[in-house]
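Visitor: I am new to this structure and would like to learn what the words used for it really mean. Could you show it to me and let me ask as we go?

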Amino acid sequence: MADLGDVNLIHGDNGAGKTSILEAIHMLALARSFRGGKPDQLIARGLDDALVRAELESATGGSHRLGVQRARGIAGARCRLDGEPLPTLSALAATLPAQVLDTGSTELVTGEPQLRRQLLDWGMFHVKHSGFHGHWQRYRRGLEQRNKLLRRGKISGRLDSAELMVWSRDLAESGEALTALRAAQAQALIDEVRGLLDADLSDVLWHGQDPQSVDVVFYPGWDRDDMALDEALLKAEATDRATGYTHPGPHRADLRVKVAGQPAAQVLSRGQLKGLAALLRLAQAQLFVRNRPPGVRGVFLVDDLPAELDARRRGWLAEYIAGLDMQVFATHIGVDDFAPGDWAVLGEPRRFHVKHGRVSAF
């Protein structure tokens, strides 16, 4: 394969293997597929494992060797940077930040809150010195322990109230700290979305609606305006005991997207939902570029998006992504689906052809 540049266009027939290239890059970034599913689906049929290696060039000079391996039937991934194990998946994500825009991106608006929490937290993991990761880890451990205690109590009919109070207090402390950081990040992201919606470009991806009718609201996971998390946990204790799991808290946080006061999924067409999801991804990428640590650039993956857009919207989206100062990998079916001129903001794009899983310079 030829040297990679700022913008890399990958074309080939359906089933040729072009999306596998994006999957490999995403595996290097997050050790999983961007299309969901079980980790074993990343492993080719008949093989026991999947291994991806790459050389990363720092924006400030120097290079690093990154490798990620997943074995069939084994939870977790083995990740190494310059031959040394990476201790956590968050350390891997910090090494290669990646955003994805594909034909399934509408799930970001219509799907479960977890998807929008992931989008929000992705930005938090790449803000230097935010302290978010420590609070996030502490909260996850506390939530796991509190839920274990609640489940045991539900099964046995006996629950140690003093122990529950200890975990509730720990959960409240870490949850409040985590939520304060999340709320600030959410507001920054919402401001980016509003800027895109208010620009003349808003009609390009999200046409047919008044931009002022769109409202993105951060929900912290409980009624934070009326009570602190320790109060919310105490208020919900009877329900938690009866169900065996914790109800209020940051694990239920969400970015709620509404149009004219109604959930966006209920009032927008599929095309409008795709455009709104694209705006959320672009806003997060733009926010990351503005606040990223020195030496970190990141990648933006685009999978077969031209199939969903007309030429005008496709051209604008290409130009905007190319101008984000992230390395771009975009797949498409036809040679002319993305005209080279669309990506000319950062110079001539490099083009590759995929056939039967083999990649060649075009």
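Visitor: Which residues of α4 meet α11?
Guide: In α4, L119, L120, W122 and G123 meet L280, R281, Q284 and F288 of α11, where contact means heavy atoms within 4.5 Å. By class, this contact has 5 nonpolar, 2 polar and 1 charged residues. Nonpolar covers Ala, Val, Leu, Ile, Met, Phe, Trp, Tyr, Cys and Pro, charged covers Asp, Glu, Lys and Arg, and the others, Gly among them, are polar. A word on the numbers: residues count from 1 along each chain as its sequence is written, and side-chain values use heavy atoms, without hydrogens or water. The model is predicted, and local features need pLDDT of at least 70, side-chain atom pairs count only at pLDDT 80 or more, and totals for chains, interfaces and linings use all residues.

Visitor: Why is α4 called roughly parallel to α11?
Guide: Helix α4 (residues 113–125) and helix α11 (residues 270–291) pack at about 10°, their axes 10 Å apart. Roughly parallel means an angle under 35 degrees, so the label fits α4 and α11. The axes are lines fitted to C-alpha atoms over the stretch in contact, and angles run from 0 to 180 degrees between N-to-C directions.

Visitor: What makes β2 and β5 edge strands?
Guide: An open, antiparallel sheet holds 4 strands in the order β2-β3-β4-β5. Strands β2 (49–57) and β5 (84–85) each pair on one side only, which puts them at the edges. Pairing here needs at least two bridges found by DSSP, and β2 has 9 bridges to β3 (residues 63–71). In that pairing, E55 stands opposite R65 of β3.

Visitor: Why do β7 and β9 stand at the edges?
Guide: In the open antiparallel sheet β7-β8-β9, β7 (214–219) and β9 (262–263) each have a single partner strand, so one side of each has no neighbour in the sheet. Helix α6 (residues 161–198) packs on this sheet, touching β7 and β8 and making about 170° with the direction of β7. There are 6 bridges between β7 and β8 (residues 254–259), and V214 has V259 in β8 as its bridge partner.

Visitor: How do you know that α1 is largely enclosed by the rest of the structure?
Guide: Of its 13 residues, 11 are buried, so α1 earns that description. Buried means under 20% relative accessible area, exposed over 50%, and partly exposed in between, with a 1.4 Å probe and protein chains only. Among the buried residues are K18, I21, L22 and H26. Helix α1 (residues 18–30) lies across β2 and β3, at about 100° to β3.

Visitor: What span is expected for α1?
Guide: The expected span is 1.5 Å times one less than the number of residues. For the 13 residues of α1 that gives 18 Å, and the helix reaches 19 Å from its first C-alpha to its last, close to the expected value.

Visitor: What makes β6 largely enclosed?
Guide: In β6 (residues 98–102), 5 of the 5 residues are buried, so the strand is largely enclosed by the rest of the structure. A98, V100 and D102 point one way, while Q99 and L101 point the other way. Strand β6 pairs with β10 (residues 299–303) in the parallel sense over 5 bridges, with V100 opposite L301.

Visitor: Is G142 buried or exposed?
Guide: Its relative accessibility is 1%, so G142 counts as buried. G142 lies in helix α5 (residues 132–156) and touches W167, D170 and L171, leaving aside residues up to four places away in sequence.

Methods:
Helix = DSSP H or I, 4+ residues; strand = E, 2+ residues; numbered from the N terminus. Parallel < 35°, antiparallel > 145°, perpendicular 65-115°, else oblique.
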